[in-house]
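Student: I would like a close look at one part of this model. Please take a single helix pairing and walk me through it.

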Amino acid sequence: MADSEAVVAQTSSATAFTAAGYPPVYNDTNSDASGAAATKNVEDLTATGATTTMEDSNISFGATELTNYIADGSDLGASHHVAGTNSSLEASDKLSVGNSTSTGVAENGIISDDTHGSNVIHELFDGSALSDEEERLWSIVRANSLDFNAWIALIEETEKMSEGNILKIRKVYDAFLVEFPLCYGYWKKYADHEARLGSMDKVVEVYERAVQGVTYSVDMWLHYCIFAISTYGDPETIRRLFERGLAYVGTDYLSFPLWDKYIEYEYTQQDWSRVALLYTRVLENPNQQLDRYFEGFKELVANRPLSELRTGEEAAAAALENSENGGQEVEGENLPNAVEQSSKPVSASLKDAEELEKYIAVREEMYKKAKEFDSKIIGFETAIRRPYFHVRPLSGVELENWHNYLHFIEGVGDLSKVVKLYERCLIACANYPEYWIRYVRCMEASGSMDLAENALARATQVFVKV
């Protein structure tokens, strides 16, 4: 990218998130996995085949019924954009460093072209010999592209036999991630291989495909932003990437690792108004670390003058207000010059204290509103034990919790919240047609036909195809 400054250091291994003074990713009582453990679980070799039925559900559709649903004449031709849902990557700037053409998948898993499509598994390896085990495993996945265990074994065998052959590594990752685009841990491993053997342009290309393949993954955006911080010297380039990620996952209940990293970055820049603004934004919505953010905001205010915390717009508004109020003199009041001069510092001090109190009060009110909504959803959030994708079936209790949570959010009447919760749900429940059908019907009912069409395409082309 023209406005970015490349640095010599390249990231070539997974970087665990541990911000100074902050807890590690998902180290909490509401989740059964830390950040590292979550990645390990996604890569768990004991996974079984994909499931496409759900016993404990209020809706009883299977993969065939989902395909038939398209043939029933549903009008999905109309295009309808819903403001605030961020339903396309055009909602915010892309980090387009070098040749970062995104191919293979579009937002949250839909196939956009076949450059990296399933036909990859039928291609030859340009003179690179395959081991007997690679041949055996490739034959298995050619016969059954949904055999998750065979894919994992094939990836491991390829990495072992072709440690320095980026072409073979690309082939296996491209083919696997078309079938399982929500496996964010493998996108990260792919990017690490490119950093080690390829070029920075290729690393960015993989990350761009990754955030389209699993758009609503906090961890995927976090990995991408960590890479950007380590690679690009231009703060605006890095900030644009953070903002892209937050547009999708900033209101996720477990989005705190990304917010933490962004706040940590602005601390390193010593841009206190940006730090204060980030705290203000994160206090608007419930999240698992809301109390910690409010305490962090109060600590920031206690240690920095208000003049450093206000944005330019806030400072201008305060100056205008002070100017208007300062021009109003009390009629008939004529203070002696000495008394007038001595009272000015006291008046200014009182005014500063009042402005600071007002500044804090506005954010405290936001925090209280977020806490009130938090009390309504905490039960649903606590019951989500596996927020990431895996082919292993989910428990009936957790599946029912997703239905109940969706029902509650649908009743709130905020379409943006509804869309984002469905997208979160369909990471964990991607192999269950019931949720795709529910999403489609919900979007149809709201008039969001483009979102309905997008969900149908993803379901039938990637996740529950028959």
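Tutor: Start with the contact set between helix 5 and helix 6. From helix 5, the residues involved are I166, I169, R170, Y173, D174, F176 and L177. They meet Y186, W187, K189, Y190, H193, E194, R196 and L197 in helix 6. Keep in mind that this is a predicted model.

The spacing in such lists has a simple background. An α-helix has 3.6 residues a turn, so residues three or four places apart point the same way.

Now the geometry. Two packed helices are described by the angle between their axes and the distance between the axes. Here the axes of helix 5 and helix 6 come within 11 Å. They cross at roughly 160 degrees. Angles over 145 degrees count as roughly antiparallel, and helix 5 and helix 6 are therefore roughly antiparallel to each other. The crossing of helix 5 past helix 6 is left-handed.

Take helix 5 by itself. It covers residues 166-179, 14 in number. From first C-alpha to last it reaches 20 Å, close to the 20 Å expected at 1.5 Å a residue. Helix 5 is mostly covered, with 13 of its 14 residues buried. Its N-terminal end is capped by N165. A side-chain oxygen of N165 lies 3.1 Å from the backbone nitrogen of L167.

Just before that cap comes a loop. G164 sits in the loop between helix 4 (148-161) and helix 5. G164 has a relative accessible area of 64%, so it is exposed. In sequence, G164 and L197 are 33 residues apart. In space, their C-alpha atoms are 6.9 Å apart. L197 is also one of the helix 6 residues that meet helix 5.

Next, H193 on the partner helix. H193 belongs to helix 6, residues 184-197. Its relative accessibility is 11%, so H193 counts as buried; the cut-off is under 20%. Leaving out residues up to four places away in sequence, H193 touches E159, I166, I169, Y173 and G198. Of these, I166, I169 and Y173 appear in the helix 5 contact list. With E159, H193 also makes a polar contact: their side chains are joined at 2.8 Å.

Last, the wider setting. The protein chain has 19 helices and 0 strands. Of its 466 residues, 52% are buried. Among contacts between residues at least 6 apart in sequence, 72% join residues at least 24 apart.

Technical notes:
Residues are numbered from 1 along each chain as its sequence is written. This is a predicted model: local features need pLDDT of at least 70, side-chain atom pairs count only at pLDDT 80 or more; totals for chains, interfaces and linings use all residues. Side-chain values use heavy atoms; hydrogens and water are left out. Helices (H or I, at least four residues) and strands (E, at least two) are DSSP runs, numbered from the N terminus. Buried means under 20% relative accessible area, exposed over 50%, partly exposed in between (1.4 Å probe, protein chains only). A polar contact is a pair of N or O atoms within 3.5 Å; within protein, one must be able to donate a hydrogen and the other to accept it, and residues adjacent in sequence count only if both atoms are side-chain atoms. Contact means heavy atoms within 4.5 Å. The expected span of a helix is 1.5 Å times one less than its number of residues. Axes are lines fitted to C-alpha atoms, for helices over the stretch in contact, and angles run from 0 to 180 degrees between N-to-C directions. Angles under 35 degrees count as roughly parallel, over 145 as roughly antiparallel, 65 to 115 as roughly perpendicular and the rest as oblique. A crossing is left-handed if the near helix is turned anticlockwise from the far one by less than a right angle, and right-handed if clockwise.
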